[in-house]
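Biologist: I am new to this model and would love a close look at one part of it. Could you start from a single residue and then show me around?

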Amino acid sequence: MADTEPRPRRRATTPLPLPREVALLLQGGGALGSFQAGVYQRLDELGVDVSWVAGISIGAVNAAIIAGNPPHRRLSRLKKFWLTVSGGMPNMILPEIDHIREAAHLMAAGTVATLGVPGMFRPRLWPATLMPEGSAGAISFYDSAPLKDTLDACVDWDLLNDGPVRLSVGAVDVESGNFAYWDTRGPGGNTRIDARHIMASGALPPGLPPIEIDGRWYWDGGIVSNTPLAHVLNHQTDDMLVFQVDLFPAEGPMPRQMTDVYSRMKDIQYSSRTRQVTDQYLRLRREHGAIQALLDKLPPELQDGAEARKLRDMLDGGSVNIVHLIYRSRAWESGAKDFEFSRATMLDHWAQGRDSVEDVMHKGDLIARNILDGKSATFDLDAPDHLKEKMA
């Protein structure tokens, strides 16, 4: 692809002392994915260069666009994608009154359910009960073929596979139930990723059909785990700063009406226990630290023994600092928030993503201290100006 777009000016300095590896991890969440695009925009404006992107479902789409474009074109391609998929309804400017926004939100979600999403999926002509058994139409309500054309227009696949940014995306094998990761820098061999892998990662049943790759059929990875965090931590080889972007918060208020029930249920189902993963990881780091301290106290003749060497090989290498950026639902959003693709809501999500990074960077001195000291920790933004820190 020709490199003809002008290069924007960037800040000369970064807000953090960046380690060698900077990872951006993107959850699945459908229409909420424009929050991730806003996160990337603000990180890019701050000069934070991402070296590894990993995603599930819509996170895989955003990740592919980032990895599959040169730095100066990534934002324009993200905008192209999100303007395309939010172009099915007029962009109405609504007053910030919850019951009006909620009514518009539910109407927009109903439009998507009826007509599909431009550039992503379209309703099938015949209902599933009338389609031949075993056909795609018999096991899904929508046709996801439009997404391939949209991805091809937004992603340079050669750059994605051969360029400097590592990409990892996950899906679940329909027949075995096992989770599969495709990784352009995989420990078991690099995968040549194309549109099929991204579509498979986001093939959420029963809406979308499974995608066939090398004789196996795959559904949305969010069915098993909606975050690629464990995959990245398991294959870390150097000091790393991780921006974990969650679209479904694990914690939330008690529902007050039926629309709240559906929304809260999805939050719990798809949050994938991100905090549990990070807590387990930090506990493991503490254990490894205790083992290392004990090994250091051994006399020289025992330190060189086979058992001591085996223990050292099992210890993690490098520090990890994980920054959680979590989408917080508006009061007017319902359980339909992940398939409400109106332009106004998309722009609102995007702006929230930018703001979430800004809130974290106001506390960037805490993260910077850990990076410089070679320590591991997680940082959780629960509310503006409130940054929780958990140390290993």
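What does Glu212 count as, buried, partly exposed or exposed, and at what relative accessibility?

Modeller: Happy to help! Before we begin, this is a predicted model, in which local features need pLDDT of at least 70 and side-chain atom pairs count only at pLDDT 80 or more, while totals for chains, interfaces and linings use all residues. Residues are numbered from 1 along each chain as its sequence is written, and side-chain values use heavy atoms, with hydrogens and water left out.

Now to your residue. Glu212 counts as partly exposed, because its relative accessibility is 33%. On this scale, buried means under 20% relative accessible area, exposed means over 50%, and partly exposed is in between, using a 1.4 Å probe and protein chains only. Glu212 sits in strand β7, residues 211-213. Strands here are DSSP runs of E with at least two residues, helices are runs of H or I with at least four, and both are numbered from the N terminus.

The side chain of Glu212 makes polar contacts with backbone nitrogens. A polar contact is a pair of N or O atoms within 3.5 Å; within protein, one must be able to donate a hydrogen and the other to accept it, and residues adjacent in sequence count only if both atoms are side-chain atoms. The side chain of Glu212 reaches the backbone nitrogen of Gly215 at 2.5 Å, and that of Asp214 at 3.4 Å. Setting aside neighbours within four places in sequence, Glu212 is in contact with Arg196 and Trp217, where contact means heavy atoms within 4.5 Å. As for Gln276, 64 residues apart from Glu212 along the chain, the two C-alpha atoms are separated by 32 Å.

Trp217 leads us to another residue. Val174, in the loop between β5 (166-173) and β6 (179-183), is in contact with Trp217 too, as well as Pro210, Tyr218 and Trp219, leaving aside neighbours within four places in sequence. Val174 is partly exposed, because its relative accessible area is 31%. Its C-alpha atom and that of Arg216, 42 residues apart along the chain, are separated by 8.0 Å.

Strand β7 also takes us to Ser144, since one of the contacts of Ser144 is Ile211; the others are Met120, Phe121, Met199, Leu208 and Pro209, leaving aside neighbours within four places in sequence. Ser144 lies in the loop between β4 and α5 (145-154). It counts as buried, because its relative accessibility is 9%.

Strand β4 (142-143), in turn, is packed against by the buried residues of helix α4, along with α9 (258-270) and α13 (343-361). Those buried residues of α4 are Arg101, Glu102, Ala104, His105, Ala108, Ala109 and Val112. Seen down the axis of α4, they fall within an arc of 165 degrees, so they line one face of the helix; the arc is that of the directions from the helix axis to the C-beta atoms. A general point helps here: an α-helix has 3.6 residues a turn, so residues three or four places apart point the same way. On the other side of α4, His99, Met107, Thr114 and Leu115 are exposed. The 18 residues of α4 (98-115) should span 26 Å at 1.5 Å a residue, and the end C-alpha atoms, 25 Å apart, agree with that. The expected span is 1.5 Å times one less than the number of residues. After α4 comes Gly116, with a positive phi near 85 degrees.

From α13 we can step to helix α1 (residues 34-45), where Gln41 lies. Gln41 is in contact with Leu75, Trp350 and Arg354, leaving aside neighbours within four places in sequence. Gln41 and Arg354 are 313 residues apart along the chain, with their C-alpha atoms separated by 6.8 Å. Gln41 is buried, because its relative accessible area is 12%. Ser34 is in α1 as well, and at 0% relative accessibility it counts as buried. Ser34 touches Trp82, Met346, His349 and Trp350, not counting residues up to four places away in sequence.

Trp82 brings us to our last stop. The axes of α2 (residues 58-67) and α3 (residues 71-85) come within 9 Å and cross at roughly 140 degrees. Axes are lines fitted to C-alpha atoms, for helices over the stretch in contact, and angles run from 0 to 180 degrees between N-to-C directions. The contact involves Ile58, Val61, Asn62, Ile65 and Ile66 of α2, and Arg74, Arg77, Leu78, Phe81 and Trp82 of α3.
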